[in-house]
Amino acid sequence: IPMGSTLHLHLLQPEDTFLAKHPNGGSVKVQFPDVTGSPTFTGQVVDVPLDTLDVTIADLKELIKNATGGLPANEQKISFGALGFLADKHSLAYYNIPMGSTLQLTLLEPEDDTLANNDGGGSIKVRFPSVKGNANFNGQIVDVPLDDLKEVTIAMLKARIKDDTGGLAANEQKISDPFLGFLADDSTLAFYNINFGDILDLSLLGPEDEFLVDNPGPGDVKVQFPLVAGDDNLNGQVVTIPLDTLEVTIASLKEQIEKIAGDSATVGNKVLVLQMYDTDEQRVSYPALGYLTNMHTLAYYNIAYGATLQLTLLEPEADFLEDNRGSGSVKVKFPNVLSDANLNGQVVDVPLDTLAITITDLKALIKDDLDNMPANEQRLSYHNLGFLEGEHTLAYYNIPMGSTLHLHLLQPEDTFLAKHPNGGSVKVQ
């Protein structure tokens, strides 16, 4: 971290203080992944009894190991909301995670195994963005040769990209994976189980510090509330939130939404008293970026004053799962393609054991009904939520059993680009 950098401070209670306030035993819930064909990993939520929150993540993994009949700790990745993956050496109290919380279990092969499976040299591919008028960024896919994946961090990859782009600063680069989202600079490619030949996406955002300098404030952003039939408090109104700086995190923005929602608001000539919306019931999104992560700032996302963000009100994932226990099914409406007898607009029932299934795993089930249609050619949407992201669950989106999702079949991006290599224009109505 160079001199002059800006770090972000997140205030958690000291570990000892948090333990003193939460001295009693209880349990945490661990949401398992849904792995097709595995009787052990069916998307179930498992209660893990604990005597204390002083238990480390490493010790928690040992308890999970016992509950799964021997899943090695180094094949487990434990995450919690916006905190992301949790470090083995720290305790639940360190992260201020109380009893009753739901943690996510992700199954990754051990980093060493990824290295063993990618022995020798190779390359990964980086898909560059397309920037009008900039010949260096025309949507090309660049091969980045690597001697091996050992200890190659995302930061090192950015350094290689910097060389290939004639000096694009690392802090202007965001590297992402379709299902893992933005990748942390200090983690390795092997940590994320990224193999030779995989494609990562490069996004260009202005450095956060420079964006703040260019947008000093004060100002405001607008938040569009959802439209709910029969609810005068939720009529699609747009609420203005004054800000002193764009260095406010999404978590802090949600707290301001919660406060403003308790005050009267004038919309047109009508005065509304909006009910309180807890921060964990809020999903804040911005076009093209999707849902925004609590820990990042508006400046991080290059969101300027005057921008309009979208507010979606959802029940917290753990509560939704609690209220919607048991098996059932969801319906998937297939598209109608005249040239394909298998795609005639039919609605297919997909049986599920739980709503804790991720969108990625749901696509794997659909794949069986589509003659092995690859998951990366499928897009699932649900009402006004738009396309659903792979790592999130149906419960995260508050989609109950019996719902109908829409399947959109898209060609893989690389295939489409190969078929449409030339420039041209689009029309905007």
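How much area does the protein expose, and what share of it do carbon and sulfur atoms supply? The exposed area is about 22,500 Å². Carbon and sulfur atoms supply 50% of that area. The model is predicted.

## Overall picture

The protein has 429 residues, and 40% of them count as buried. Its secondary structure comes to nine helices and 20 strands. Take the contacts between residues at least 6 apart in sequence: 63% of these join residues at least 24 apart.

## Strand β18 and its partner

Strand β18 covers residues 347–352. One face of β18 is covered and carries Val348, Val350 and Leu352. The other face is uncovered and carries Val347, Asp349 and Pro351. Side chains in a regular strand alternate between the two faces of the sheet.

Which strand pairs with β18, and in what sense? Strand β17, residues 328–333, pairs with β18 in the antiparallel sense. The pairing runs over six bridges. In one of the bridges, valine 332 has valine 348 of β18 as its partner.

Valine 350 also lies in β18. Is valine 350 buried or exposed? Its relative accessibility is 5%, so valine 350 counts as buried, the cut-off being under 20%. Beyond its neighbours within four places in sequence, valine 350 is in contact with Gly328, Ser329, Val330 and Val332. Leu362 and Leu365 are also contacts of valine 350. Leucine 365 is 15 residues away along the chain, and its C-alpha atom is separated from that of valine 350 by 7.6 Å.

## Valine 48 in strand β2

Valine 48 has its place in strand β2, residues 45–50. This valine 48 is buried, with a relative accessible area of 8%. What does valine 48 touch, not counting residues up to four places away in sequence? The answer is Gly26, Ser27, Val28, Val30, Leu60 and Leu63. Valine 28 sits 20 residues from valine 48 in sequence. In space, their C-alpha atoms are 5.4 Å apart.

## Lysine 61 and threonine 404

Lysine 61 belongs to helix α2, residues 57–67. Why does lysine 61 count as buried? Lysine 61 counts as buried because its relative accessibility is 5%, and buried means under 20%. Leaving aside neighbours within four places in sequence, lysine 61 is in contact with Ala73, Gln76, Ile78 and Asp88.

Threonine 404 is in strand β20, residues 404–409. Threonine 404 is partly exposed, with a relative accessible area of 30%. Outside its neighbours within four places in sequence, its contacts are Lys331, Lys333 and Tyr382. Lysine 331 is 73 residues from threonine 404 in sequence. The C-alpha atoms of threonine 404 and lysine 331 are 4.5 Å apart in space.

The table collects the accessibility values.

| Residue | Relative accessible area | Class |
|---|---|---|
| Valine 48 | 8% | buried |
| Lysine 61 | 5% | buried |
| Asparagine 96 | 14% | buried |
| Valine 350 | 5% | buried |
| Threonine 404 | 30% | partly exposed |

## Backbone geometry in loops

Asparagine 96 lies in the loop between β3 (76–79) and β4 (102–107). Its phi is near 60 degrees, a positive value in a residue other than glycine. Asparagine 96 is also buried, at 14% relative accessible area.

Asparagine 302 has a positive phi of about 55 degrees, although asparagine 302 is not a glycine. The place of asparagine 302 is the loop between β15 (290–291) and β16 (308–313).

Which peptide bond is cis, with omega near 0 degrees? The bond from glycine 217 to proline 218 is cis. Proline 218 lies in the loop between α5 (208–214) and β10 (219–224).

## The second largest pocket

The second largest pocket has a volume of about 300 Å³. Which residues line the second largest pocket? Ser130, Val131, Lys132 and Asn138 are among them. The lining also includes Glu413, Phe416, Leu417 and His420. Pro421, Asn422, Gly423 and Gly424 belong to the lining too. By character, the lining residues divide into four nonpolar, six polar and two charged. Lys132 and Glu413 are the charged pair, because Asp, Glu, Lys and Arg count as charged.

Notes. Residues are numbered from 1 along each chain as its sequence is written. This is a predicted model: local features need pLDDT of at least 70, side-chain atom pairs count only at pLDDT 80 or more; totals for chains, interfaces and linings use all residues. Side-chain values use heavy atoms; hydrogens and water are left out. Helices (H or I, at least four residues) and strands (E, at least two) are DSSP runs, numbered from the N terminus. Buried means under 20% relative accessible area, exposed over 50%, partly exposed in between (1.4 Å probe, protein chains only). Contact means heavy atoms within 4.5 Å. Accessible areas come from the Shrake-Rupley method with a 1.4 Å probe; for residues, only the protein chains shown count as cover. Two strands pair if DSSP finds at least two bridges between them. On a 1 Å grid over the protein atoms alone, a cavity is a set of points where a 1.4 Å probe fits but cannot get out, and a pocket is an open set with protein on both sides within 12 Å along at least five of seven lines; lining residues have an atom within 4 Å of a point. Grid points are joined across faces, edges and corners, and a volume is the space filled by probe spheres set on the points.
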